[in-house]
Amino acid sequence: MGKLSDEEIRQIVQKTTLLQKFGEQSNSRKPEDANKEIQSLYEITDDLGIPRRFVYEAYVEQSGIPIHEPMVIDNHDFNSTEVVGFARGTIDKELFNELKGQAEYHFNTLGTVTRRRNKIIWKARPVGPSKFIASANSPEIEFEQLDGNTKIKVSQSLKTLNKFYLPAAAAAFGAFMLFAGAIFGQFNNDVAPPLIVSAIILAGTFFYSRFINSRKKKRKKDLQGFTETLQGKIERHLKSTIDAKAQEKESGQIEIPENEYEEEDVKEDSRSKIKE
């Protein structure tokens with residue numbers, strides 16, 4: 001790829017600003033203005049060579065799709081967490097490639113895919129030292145097709161974070177033994193310093209444990225947000241497909257590939273569309 005000129009950079013920045021503007025104003029736009037807005041957006045992206053199908057899906061996703069909040073499943077398992085969400089629509093090949101890419105980006109690892117009758121399962125497959133770390137090799141996503149809808153189940157191990165409790169447990173045990181020695185007269189009459197030290201250690205282990213708990217809660221919240229992203233992409237894909245079919249029906253026109261008329265004497269402007 002050659003070096004971009006100053007003029008090319010200026011045009012890209014200008015068009016990017018317009019795309020951002022459309023995204024920011026999409027929530028406040030009137031329904032009757034949506035068609036004009038998307039047509040104006042097409043004029044920008046056509047110059048960039050971006051297919052309109054992808055532009056429209058990105059526009060719909062940027063506009064925001066209402067979804068049901070995914071649930072964190074309480075399976076009483078201290079070593080793992082699981083989040084479940086539901087989305088309208090099914091997953092085709094192109095959409096799954098997008099979802100797989102989102103999963104690999106979120107967990108920063110490649111994965112293996114297993115297909116069953118009505119399920120698609122993505123399992124993390126880290127390389128190098130990461131494959132021995134539970135939080136890196138455990139992420140798994142299950143997409144289950146249910147009557148035109150998709151159930152999403154995301155799970156991940158918490159064993160790696162649980163190991164950080166061990167120093168706190170050891171420090172708490174030492175503080176308790178120090179406290180017991182002071183109470184039962186093992187330090188003669190000078191019991192104040194051991195009591196103070198043990199109290200400081202116990203307070204430190206308490207706040208340290210709270211910090212680990214907050215990290216576990218954040219991990220669950222991140223998985224919940226990631227599941228919402230997957231839900232939104234599936235809902236967006238369904239909406240854009242329905243809208244495209246509705247627009248095609250309203251236009252009353254059928255797209256005809258030009259190569260079907262290569263051997264016929266047909267005018268160029270009649271090759272693209274034929275009215276019903």
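The largest nonpolar core of this predicted model has 19 residues, and those with the most contacts inside it are Ile-141, Phe-143, Val-154 and Leu-230. A nonpolar core here is a set of buried Ala, Val, Leu, Ile, Met, Phe, Trp, Tyr and Cys residues joined through side-chain atoms within 4.5 Å. At least two residues of this core come from each of strand E2 (80-88), helix H4 (93-107), strand E4 (119-124), strand E5 (140-146), strand E6 (149-157) and helix H8 (192-251). H4 gives the most, with five residues. Helices (H or I, at least four residues) and strands (E, at least two) are DSSP runs, numbered from the N terminus.

Val-154 is in contact with Thr-81, Glu-82, Val-83, Phe-107, Glu-140, Ile-141, Leu-223, Phe-226, Thr-227 and Leu-230, leaving aside its neighbours within four places in sequence. Contact means heavy atoms within 4.5 Å. Apart from the largest core lies another, of five residues, among them Tyr-42, Val-55, Tyr-56 and Tyr-59.

Two residues illustrate burial and exposure. Buried means under 20% relative accessible area, exposed over 50%, and partly exposed in between (1.4 Å probe, protein chains only).

| Residue | Location | Relative accessible area |
|---|---|---|
| Asp-147 | loop between E5 and E6 | 82%, exposed |
| Ser-198 | helix H8 | 1%, buried |

Ser-198 is in contact with Ala-175, Leu-178 and Phe-179, its neighbours within four places in sequence left aside. Asp-147 and Gly-89, 58 residues apart in sequence, are 9.0 Å apart in space, C-alpha to C-alpha.

Residues are numbered from 1 along each chain as its sequence is written, and side-chain values use heavy atoms, with hydrogens and water left out. Local features need pLDDT of at least 70 and side-chain atom pairs count only at pLDDT 80 or more, whereas totals for chains, interfaces and linings use all residues.
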